[in-house]
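Student: I'm new to this structure and would like a close look at one part of it. Could you pick a single strand, explain its surroundings, and then lead me outward from there?

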Amino acid sequence: MSATDTFEDSLDGLAVGTTRLSPEAFEETVAEAIDEPAIGTPLGIEGLSLDGTSVVTDPTPNQLTEATTGVTGASLGIADYGSVVLPSTPEGAEPVSLFCDLHVVVLDADDIVPDMPTAIGEMATTVGDDRGSAIIATGPSATADMGALVRGAHGPKRVHALIVEQ
Amino acid sequence: MSADDEAAHIRRLLDTEGDSVQGNTRVFNQGRYAAVEDLDDYKGLKDRARELKEDAIERLPELIDELTETVEENGGHVYLASDAEDANRYITDVAEDGGAETLVKSKSMTSEEIDVNDALEAAGVDVYETDLGEFVIQIADEAPSHIVGPAIHKSREEIAELFNHEFDPDEPLETAEELTHFAREYLGERVEEADVGMTGANFLVAESGTLLLVTSEGNARKCAVAPDTHVAVAGVEKILPRFEDLQPFIELIARSSTGQDLTSYMSLLTPPVDSPTIEFGSDEPLAGGADDREFHLVLIDNGRMAMREDPELKETLYCIRCGACANVCANFQHVGGHAFGGETYSGGIGTGWEAGVHGQESAEEFNDLCTGCSRCVNQCPVKIDIPWINEVVRDRINRGEEPSEFEFLVEGLTPDAESGGVPLQKRFFGNFGTVAKLGSATAPVSNWLAELPPSRWAMERVLGIDRRRDLPTFAGETLSEWFLAHEGLAPAEAEREVVLYPDTYTNYVSPERGKAAVRTLEALGVRVLLPDLPESGRAPLSQGMLSTAGEQAHDLYGGVAEHLDAGRDVVAIEPSDLAMFRGEYEKFLPEASYDRLSGASYEVVEYVYGLVANDPEKIEILSDGPGRVAYHSHCQQRTMGLEEYTEALLEELEYDVLTSTVECCGMAGSFGYKEQYYELAMDVGYELEDEFEQPGERDRTVLASGTSCTDQLDALLERKPRHPIEFIAPDPL
Ligand code: SF4
């Protein structure tokens, strides 16, 4: 099985939807994946931009609290776990990926690594050496504190992954 | 607390919180079993995690310096607080200097340990717990009952009632979903208003200043990032040298804790972070506003550096607070942290933490709830010998006790090595070998006498032995006496020789199982020796009487040394004694002695299995099926991975075997005899009863490997349990 297949499988187990797409289909796929109003931050993926979509890319705090969807990029996917690595950015990728009900995460298929040791190895440079910050996010936010499992505690209730195959 | 008060407290918790705690810890526990099974190299990850912690604690002072330098280089502040008061002073200063009115906080046991909420409230800062479990606890004004799930003792109905009463919503809240979404909205507003965000840290990386926060809800991310000031509080023990060192912990922590592969968010933040701070309500773009970020890391000592110097408590610092030791503990499952906990920490390793950070008195409250069953040992991701820490603390508590008014009664009778002050009840059980010797020498009079109502009354009053518990009946002829008159296999006819260890119970109470062992071994061509050996030390160890246990360990080794030299194996019938030889003796004996004894000792059915595996035709000698049996292994036997031998042998002999799946029989030696714990022991035991009394299973012959399990099953069932060796032994000639 390819890393992307494993990754997709893992996401399936986390109740996270996935769409595999070519760069050409990007704008159209984003339009299908989001619920408006949507906000986003630069994706950090070569050749891909939210500019041609209805996603507001330089959101204000008011737009942040009102938006239904947040669109951000991920720097890595971890196939075994179905996790995505979300770097914190000055543009606000961290809050945008966290405050909205739906998080649409965009990932380059080439950035999918097989397992956690590989991911941590890469992050040792991007987070450790560069003193950056990132979240290893796995599925939607969840809690069982209220007597049963509920998705969408403080963070998103739903996550959808767009895997771009160059 | 007196024994009566303690019994009442436990009874109350069994009635009120027991069901919720049980339901929730079981889910965590079953989840953990499944989640670690998926893991390719669970053992390798645990070894690695252990190594990393050993090394980090060894180098702790240097790592504190390195981390301080790194965080300051990154633009944050570090404060090394000596104790709770010192930490709180610093934190309230930060809040006051920034003119903070409100603070949002994500779950952190370290912050509970220092009671920072009280200090902040006293300084006029409103504190909001944003973790939903903590939020429930804060509203209910209670203490957490579990280090991972603070509110697991509350049912959904209770939470709904609490919220409806506190917030009086238009529509009463009812479902978990409604409650969660209400809390999300309410706390979301608190996050927006907050001036300061406070988090803990699961791990800290010295070389980069990165902190790892493990959460599922996302509240820690909000607390750390949304307000412009972030205060992280963490015990000094949480530092690891390098970023890569996080890997095994990332893969182990959620699995060990809640049984998930990973939690939703593993946040690796290197503060001050690049994310913009959020001016809620503003129409100015969010981007770029990270200039005014302030970050304070409060590293808390509060006894930890002293723990590091304490050879026995030191291991506690390896703990990653996953809660697995609590989740797997049968007693914890039934009463939760409100009985099985001190000022802050609860469950298995709670004793170590409380003794280290709050002092022995806090640990004393609940230390005796650890029965030393060892079920937690294999569950701990950093391989801490939790029962040993509990026994050590128990010993220290014993030494601090005042001698009791009845001390004179046992002083002359007991040959133990303890100084005065060990509570009488403990001293009685710790010297059970002496009691048994005396009881057996005077049987049947002693048995008759012991059962008389005035004796039971006195035993309860003086020794705290519950009147409702059946007492063991001492045999008139001990196994050793029988063996002297028995004609064994001559050396010339034997293929090998073993020493059968005559433990106290087998020797004085249940010689039949010893006779069955002798018969079986001899029939399989083994010459059995039954020297007069001292006690293993298990009884005093479980009462925290460490010097007595140590003395017995030395004597026992002295007694078997010559046999080991002669190439004989040591076969034990009682799993808890074998667990001493293979486990605790490492602490008592010189390394070479320990290696020799532990390498040559076996559990009796394990040994029989080996003999048969070597020479498959020998199986014919054993008494075989068909037949239906219900088998309960023994906790220490399971920890040592030995239950399979009995199961496999029974199956080989064509028995249909139902093995119990419940965690524990509830008895654990002396525990179930003690009046303060009798009801808890029975409550735990009912589950085993349910399993063996299910419709369709009641015809099975009940087998149990351990003494305490046999006693407990005898009390629970009408069928009389037997030791497997009695069951498979060839018929007497
Ligand atoms: S002692 Fe081990 S099992 Fe218990 S909480 Fe600590 S790390 Fe987890």
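**Strand 9 of chain B and its surroundings**

Tutor: Let's start with strand 9 (residues 265-269) of chain B: 5 of its 5 residues are buried, so the strand is largely enclosed by the rest of the structure. Here, buried means under 20% relative accessible area, while exposed means over 50% and partly exposed lies in between, using a 1.4 Å probe and protein chains only. Helices (H or I, at least four residues) and strands (E, at least two) are DSSP runs, numbered from the N terminus. Please keep in mind that this is a predicted model, in which local features need pLDDT of at least 70 and side-chain atom pairs count only at pLDDT 80 or more, while totals for chains, interfaces and linings use all residues. Residues are numbered from 1 along each chain as its sequence is written, chains are lettered from A and ligands numbered from 1 in the order in which they are written, and side-chain values use heavy atoms, leaving out hydrogens and water.

Now look at the side chains. In a regular strand they alternate between the two faces of the sheet. In strand 9 of chain B, B:Tyr265, B:Ser267 and B:Leu269 point one way, B:Met266 and B:Leu268 point the other way, and all are buried.

Next come the partners. Two strands pair if DSSP finds at least two bridges between them. Within chain B, strand 6 (residues 211-215) runs antiparallel to strand 9 and is joined to it by 5 bridges; one bridge partner there is B:Leu269, matched with B:Leu211. Strand 9 of chain B also pairs with strand 8 of chain A, in the antiparallel sense over 4 bridges. For that pairing, find A:Ile136 and its bridge partner B:Met266.

Let's follow the path into chain A. Strand 8 (residues 134-137) of chain A is joined by 4 bridges to strand 5 of chain A, and these two run antiparallel. A:Ala134 in strand 8 stands opposite A:Pro87. Strand 5 (residues 83-87) of chain A is mostly covered, with 4 of its 5 residues buried. Its other link is to strand 4 (residues 76-78) of chain A, an antiparallel pairing over 3 bridges, in which A:Leu76 stands opposite A:Val85. Strands 4 and 5 of chain A form a hairpin with 4 residues between them, and A:Gly82 in the turn has a positive phi of about 70°.

Stepping back, chain A as a whole has 5 helices and 11 strands. A compact globule of 166 residues would have a radius of gyration near 15 Å, and the 15 Å of chain A agrees with that; the radius is taken over C-alpha atoms, and the globule rule is 2.2 Å times the number of residues to the power 0.38. Of those 166 residues, 58% count as buried. Contact means heavy atoms within 4.5 Å. Among the contacts in chain A between residues at least 6 apart in sequence, 71% join residues at least 24 apart.

Back in chain B, helix 5 (residues 84-97) makes a good stop. At 1.5 Å a residue, its 14 residues should span 20 Å, and its end C-alpha atoms are 20 Å apart, which agrees; the expected span is 1.5 Å times one less than the number of residues. Its buried residues include B:Ala84, B:Ala87, B:Tyr90, B:Ile91 and B:Val94. Among the elements covering the buried residues are strand 1 (77-81), helix 7 (116-122) and strand 10 (294-300) of chain B. After helix 5 of chain B comes B:Gly99, with a positive phi near 60°.

One more residue rewards a look: B:Arg304, in helix 13 (residues 304-309) of chain B. With 0% relative accessibility, B:Arg304 counts as buried. Leaving aside neighbours within four places in sequence, its contacts include B:Glu113, B:Glu237, B:Tyr345 and B:Trp353.

Finally, chain B has an open sheet of 3 strands in the order 16-15-17, with parallel pairing. Its edge strands are strand 16 (655-659) and strand 17 (701-704) of chain B, each pairing on one side only. Strand 15 (residues 627-632) of chain B is joined to strand 17 by 4 bridges, and B:Ala630 stands opposite B:Val702 in strand 17 of chain B.
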